Amino acid sequence: MKHWRNFDFQLVALPLGLVTFGIFVLIAISRWPTSGVTISTPIHQALYAVMGLGFMFLLTNFDYRLLRPFALPLYTCILGLLGVVLVLGHSAYGAQRWINLGLLPLQPSEPAKLLLVIVLAKFFSEREQRIDRAGTVATSLLFVAVPVALVLYQPDLGTSAVFVAIWVGMALMAGVRLSHLAALGAVCLAVLPIAWTLMGHVKKFAYMQDRFLIFLNPQKDPLGAGYNVIHSQITVGSGGFLGQWFTVGTQSQLGLLRVEDKDFIFSVIAEQIGFVGVLILFAVFVALLMRIARVSFMAGDSYGRLLASGILSMIMFQTFVNIGMNIGLMPVTGIPLPLLSYGGSSLITTLASFGILQSILLRHQKLVFAVG
Amino acid sequence: MRKKTKFLLLRASVILTFAILAGRVWYVQVVMGSYYKQQADTSKIRLEPVQALRGIIYDRTGLHQLVWNAPSWNVMIVPHGVPDAQATAIYVQLSALLHNQPSAAQIARIVQNNQWRAYAPVLIKRDVSPDTAMIIKQLHSQLPGIRADPSNIRQYNQDPAFSLAHILGYSGEITQEEYSAARRLYPAEHVGATDEVGQAGVEAKMDPYLHGVNGTEEVEVDAGERPVRVLRPGKTIPGDSVYLTIDWNLQQAMSRDLAAALNHIGLSRGVAVVENIHTGEILAMVSLPSYNNNWFSGGISAKRYAALLHNPDQPLNDLATAGQFPPGSTFKIITAAAALQTHVVDANTTIDDTGSIRLCSVYDPSACQVFNGWKPGGLGLMNVVSALAHSSDIYMYTVAGGHNPMYPGAPYVGASRLGSIARLFGLGSLSGIDIPGEMPGNIPDPAQYKDSWHVGDTYNMGIGQGFTLATPLQMVNAAATIANGGTFYQPRIIERITGSVVPRKGVLRSPTTIQPFVPTIIRRNFIDPGNISLIQEGMHESVDLQPAWSGTSYLTQDARIDAAGKTGTAEAPGGAHAWWVGYAPFNNPQIAVTVMVPNANSEGAYTAAPIAHKIFEDYFHLKPIMLTPGATNWLGDVSIQLVGAAGGSQ
């Protein structure tokens, strides 16, 4: 059933290239005296990459269709873990997101993203005939509502937006009526002002408001919450057209950026490689996402097609929001830059999803019939 | 929608997404690039590390600070703040202000080596006078890039003989290797590139506790990189307080007495250690000569350091923990314990000390070697107690190696069992005391020597000669083990640690006792209590045998103290080492004492024992008295005949 000639080497080479580049940048950061990053960061990242490759390999060999029965139980488990995080997670930068598992601090919201893709792919592919009904749309929303609620409570606005983005992308691919989506959007718009007012009254959610207001006007609190918004743009901007290429005395070496190994790694990269380099980096991302889109096109069944497009939405949305916040296009949220940001859960999940894509390619039946 | 249309839309959305991002990056990097670059260049906000105050080291009472921090001024340079055109002139002017220490060329080299972190202040000179600091501050317009920063410097409490230097060690600026190692363990805010860290002694060993957690302050700097305004002060967490087991009063008294005694006999080297026998706490530990560790604070001058290194007496060496010497007859305590424990002898077994043993080859009866005891005519019939009291070599040879022609076929301990029991007493291995650089000594393993190990080697081992080496710390542990009835405690120099920094774990909300003192038993009951009390009795008689002054330790005989002990005169190139190892009081032991004078060229009985007596007087707060009637100096007027190389020792 497997057809190795369908194996897409680009789907391995492109992510690996990005991961390697990311580790190189992390090593450079760890050598700067003012940074809070130690050499153990790139070492761990390399370890996570190896673990991620392991998952990628396993899932390549595993028939993606056989994932279906596991999807819902696993998804339930991971949602349970998300609940656990709320109770005993480690807090980082004001939000409880981590469970400590020794070497790997597990951030359950990362695998939850991928599992949501699998669950939704199963759900939509089984209801292809009833996809135009409002009831189907409403039921599918339930799968998203639970993690969104849990993650929002952490509180982690960015990650909940990723869940919503995955749903929107997959719903569109599954053929949900645009009128249904439009109605949903309208409801959200109507609820937003009310939610905004309520948020201001709950201390836990006030930080989200802060972040959004500061995104609109960073100078309001230049040494506090606006700090990263200002410094990330100065850092990116001082890269100029050609970049600084890891020379001495660059802006990122001043250590003024925080979480430069995770949320703001793009600022460091952009200062070093400049606009030309950023264009090349974007070209790599585009090539990668195109390969994923190709999987969606090649997939032999609607389940595979939906899986691929869900993974595409997941990676593309996160990339957009993360880079966007580095260049003042998006509010600051804790969303990692896929394959480049330091973080085991995110890296392993992303690499694992490439295994699923490969599995879809190896088993798409259309060609089998065409040849045989 | 058709599948193909969807796919096209999908691809279009990818392109669109990155087009938006690229457009914005174009705006930020290219359109606004020079604006942001200028912002970056004129950004005068700097994050600067603030070193936490190092922890204080106290003596066991907590009443005496042994190390503290004194305010001082450091001259720093920020490479980025020095204009290239004026650099040489600035270095020359600065060097002149610092009295050419360092020279302008050296400053230039320091700057060159730190160009890779051009914004970080680099240390040029530690601990300059307040006057120099003020001049540098006033000349700020002429000296861009140069700063005088307030700092702290370690101050070490010392007695005139600097007896604490080996224990406390010293601290100094972090080396590149130490910094790299620390950066692997801790994020940047914990350890800075110019931090002061422990380099020797407790300062080094306890550095993770003493160091504290650095802070980062956000400062606005002027064009010359000098701070003009603190935007956000750095929050530092001071290092933990470390309490030593040392009793500062006893340490000073012991140091004074040891120095006086050595001065009297015209020697410069000597060691004394006092241990609490119930806990393993080291109450006082002196190794002379020592050095002034305050010289190391702020960087020792090359001249002083060379003088210390080339001093033939090696003042940087800690003889107490790192000096390895043949223990001589003090080892007979171990030999006796081994003989009793292996049932080679019991309390009633007697051996006739005839003054020598003639050991002949089994193959060639004419090839013989004579092993002498210290007393040429012999000591007569000896049991284990009197053998210790009189330090009978013949008894120890016989029980250790057998083959005494007078007792053919009698059982003996043998080198391998003797070695095993010596190791149970902690000899031949590191005690694990919290002072870096400890040495293990040596207990020979006959198996390693195969056929070249002879009965004579076992004889020598039985009297602590030959290949056997021990540190004074190991011998005081052995004495403490005998004194407390057979429990070998881990010797400790750290009493307790209080504060809020838990190394590699984090910082506690409020200061507390991080590491309380808990005596650690390494092993116990490895010698039967009955056997221990026989050895105690032998050591007691060594001091207190009647008629007065007939035991070898008689120079410690003092009814007010009632000590028990064992002398040792260990043959060594450069003159015999004089040892005394013991404890007091005999009936209710409290402390064990070891005194060792290397190359005293005299017997333990005459050199080491009287010093031990002085230490007991210090500990029990007794009025000093003369011991031997008519004795006016440490050696007394007894002339001693040292026996030959194969001879025994007292």
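Begin by selecting Val31(B) in this predicted model, and you will find that Val31(B) belongs to helix 1 of chain B. Its relative accessibility is 46%, and because buried means under 20% and exposed means over 50%, Val31(B) counts as partly exposed.

Next, keep Val31(B) selected and add Trp26(B) and Tyr27(B), together with Phe241(A), Leu242(A), Val276(A) and Ile280(A), since these residues form a nonpolar patch on the surface, whose accessible area together is about 670 Å². Two elements give two or more residues each to the nonpolar patch, namely helix 10 (265-298) of chain A and helix 1 (3-31) of chain B. Which element gives the most to the nonpolar patch? Helix 1 of chain B does, with 3 residues.

Now move to another part of chain B and select the strands of an open sheet, which has 5 strands in the order 12-11-23-22-21 and antiparallel pairing. At the edges of this sheet you will find strand 12 (282-288) and strand 21 (564-570) of chain B, each of which pairs on one side only. On average, and with direction ignored, neighbouring strands of the sheet are turned by 10° against each other. In general, the strands of a sheet pair through backbone hydrogen bonds.

Within this sheet, select residues 270-276 and residues 591-597 of chain B, which are strand 11 and strand 23, running antiparallel and joined by 6 bridges. To look at one pairing, pick Glu275(B), whose bridge partner in strand 23 of chain B is Ala592(B).

Finally, add helix 10 of chain B, residues 248-265, which lies across strand 11, strand 12 and strand 23 of chain B and runs at about 30° to strand 12.

Methods. Residues are numbered from 1 along each chain as its sequence is written. Chains are lettered from A and ligands numbered from 1 in the order in which they are written. This is a predicted model: local features need pLDDT of at least 70, side-chain atom pairs count only at pLDDT 80 or more; totals for chains, interfaces and linings use all residues. Side-chain values use heavy atoms; hydrogens and water are left out. Patches are made of residues with over 30% relative accessible area and no salt bridge: like charges are joined within 9 Å, nonpolar side chains (Val, Leu, Ile, Met, Phe, Trp, Tyr) within 5 Å. Accessible areas come from the Shrake-Rupley method with a 1.4 Å probe; for residues, only the protein chains shown count as cover. A salt bridge is a side-chain nitrogen of Lys or Arg within 4 Å of a carboxyl oxygen of Asp or Glu. Helices (H or I, at least four residues) and strands (E, at least two) are DSSP runs, numbered from the N terminus. Buried means under 20% relative accessible area, exposed over 50%, partly exposed in between (1.4 Å probe, protein chains only). Two strands pair if DSSP finds at least two bridges between them. Axes are lines fitted to C-alpha atoms, for helices over the stretch in contact, and angles run from 0 to 180 degrees between N-to-C directions. Contact means heavy atoms within 4.5 Å.
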